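Student: I am new to this structure and should be grateful for a close look at one part of it, the aromatic rings. Please explain how they pair and how they are placed.

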Amino acid sequence: MGSGANVSSGARTWREATETALYGPEGFYRSPEGPAGHFRTSVHASPLYAGAVVELLCRVDAALGHPAELAFADVGAGRGELVAGVLARCPAELAGRLRPYAVELADRPEDLDPRVSWRDTLPEGLTGLLFANEWLDNVPVDVAETDGEGTPRQVLVRDDGEELLGDPVSGEDADWLKRWWPLEGAPPGSRAEIGHPRDAAWRQATGTLRSGLAVAVDYAHGRASRPPYGTLTGFREGREVRPVPDGSCDITAHVALDAAALPGGSVVSQREALRALGVDGARPPLSLASTDPAAYVRALGAAGEAAELTAPAGLGGFGWLLQPVELPPEALGIGPSGGSSGVWESGSSGV
């Protein structure tokens with residue numbers, strides 16, 4: 001990799017390049033097939049996931065005293081798969097009070113339930129549940145890499161994916177690295193993704209809640225286990241590919257959820273969170289196979305889906321950042337006050 005590059009070399013920072021590649025007029029996330037055409041999230045893996053979100057929504061509703069109107073905001077909604085699943089499984093009593101929002105830059109899907117308000121920004125003053133599934137990982141960030149002297153420098157990238165080293169990291173970027181992902185003394189070639197734009201995005205999102213719970217779910221890492229060479233990568237048609245900022249692939253990087261957490265927030269694994277919400281992957285008793293074979297087959301299929309959602313080396317290793325707003329967290333039965341440890345470290349990758 002070269003060093004000392006600047007904008008005149010035809011290269012941009014990864015944050016600038018990713019913004020255009022994902023969200024520009026011809027960006028990846030504006031393509032007709034949407035994210036589901038390229039990679040599989042927990043939402044696509046099983047309807048049990050939407051069922052768990054409904055369970056959490058009901059607990060938030062109860063903790064808020066069953067308000068006359070309860071919001072559910074699906075942030076980074078893709079093509080509305082999660083919000084549609086939530087509406088399909090929502091109890092009738094709650095469905096009559098539910099105000100569903102889908103927040104996404106792409107156009108509204110034609111077949112989406114008309115009850116859903118499709119927006120490109122969150123409304124203010126929400127009371128309810130804000131749920132961001134694999135959203136923060138697509139908030140563009142810059143990348144730093146240590147040079148031969150161990151100095152962290154900005155990584156610049158051309159449209160064909162070729163990288164060059166730019167100027168030394170400074171200002172807010174340097175401050176964030178020093179606190180959350182120190183590179184001082186690291187070997188040459190060590191890399192980090194500079195996460196303060198994600199911290200700001202999460203702060204802005206949770207700021208739209210008057211009261212309730214905000215949840216960010218992502219493949220992530222904690223300060224004690226930052227990956228030494230970063231995690232920036234691409235996905236296309238279900239496969240991991242070299243990240244090239246030309247709009248042809250998703251560009252993503254793991255999230256430092258511990259840095260994004262606001263006061264009162266906690267991070268647990270998806271395995272812990274889903275088990276607390278009733279998704280445990282337990283196999284049905286064999287006796288059911290003889291008394292009700294069809295029920296046994298259905299239960300066995302559900303157990304397999306639950307196992308995938310909670311597998312520690314896969315989707316179960318994702319992090320859930322739980323951010324209560326004017327809400328007693330112990331009332332939710334999830335997180336450090338609700339039976340989970342609240343202690344989380346993971347190096348799992350996305351699926």
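Tutor: A residue counts as buried when its relative accessible area is under 20%. The model considered here is predicted. Tyr-29 has a relative accessibility of 6%, so this residue is buried. Tyr-23, at 17%, is likewise under the 20% limit and therefore counts as buried.

A pair of aromatic rings is described by the distance of the centres and the angle of the planes. The count of such pairs in this model comes to 6. One of them joins Tyr-23 and Tyr-29, whose centres are 5.7 Å apart and whose planes meet at 20°. Planes under 30 degrees apart count as stacked, and this pair is therefore a stacked one. Phe-28 belongs with these two tyrosines, for Tyr-23, Phe-28 and Tyr-29 form one aromatic cluster.

Another pair consists of Phe-131 and Trp-320: the ring centres lie 5.5 Å apart, and the planes stand at 80°, so the arrangement is edge-to-face. This pair connects distant parts of the chain, since Phe-131 belongs to strand β5 (residues 126-133) and Trp-320 to strand β15 (residues 319-325), with their positions 189 residues apart. Phe-131 has a relative accessible area of 0%, so this residue is buried. Trp-320 is also buried, with a relative accessibility of 0%.

Finally, a ring may also have a charged side chain over its face. Here Arg-226 is placed over the face of Trp-181, at 5.9 Å from the ring centre.

Terms used
Residues are numbered from 1 along each chain as its sequence is written. This is a predicted model: local features need pLDDT of at least 70, side-chain atom pairs count only at pLDDT 80 or more; totals for chains, interfaces and linings use all residues. Side-chain values use heavy atoms; hydrogens and water are left out. Rings of Phe, Tyr and Trp (its six-membered ring) pair if their centres lie within 6.5 Å; planes under 30 degrees apart count as stacked, over 60 as edge-to-face and the rest as tilted. Buried means under 20% relative accessible area, exposed over 50%, partly exposed in between (1.4 Å probe, protein chains only). Helices (H or I, at least four residues) and strands (E, at least two) are DSSP runs, numbered from the N terminus. A charge sits over a ring if NZ of Lys or CZ of Arg is within 6 Å of the ring centre and within 35 degrees of the ring normal.
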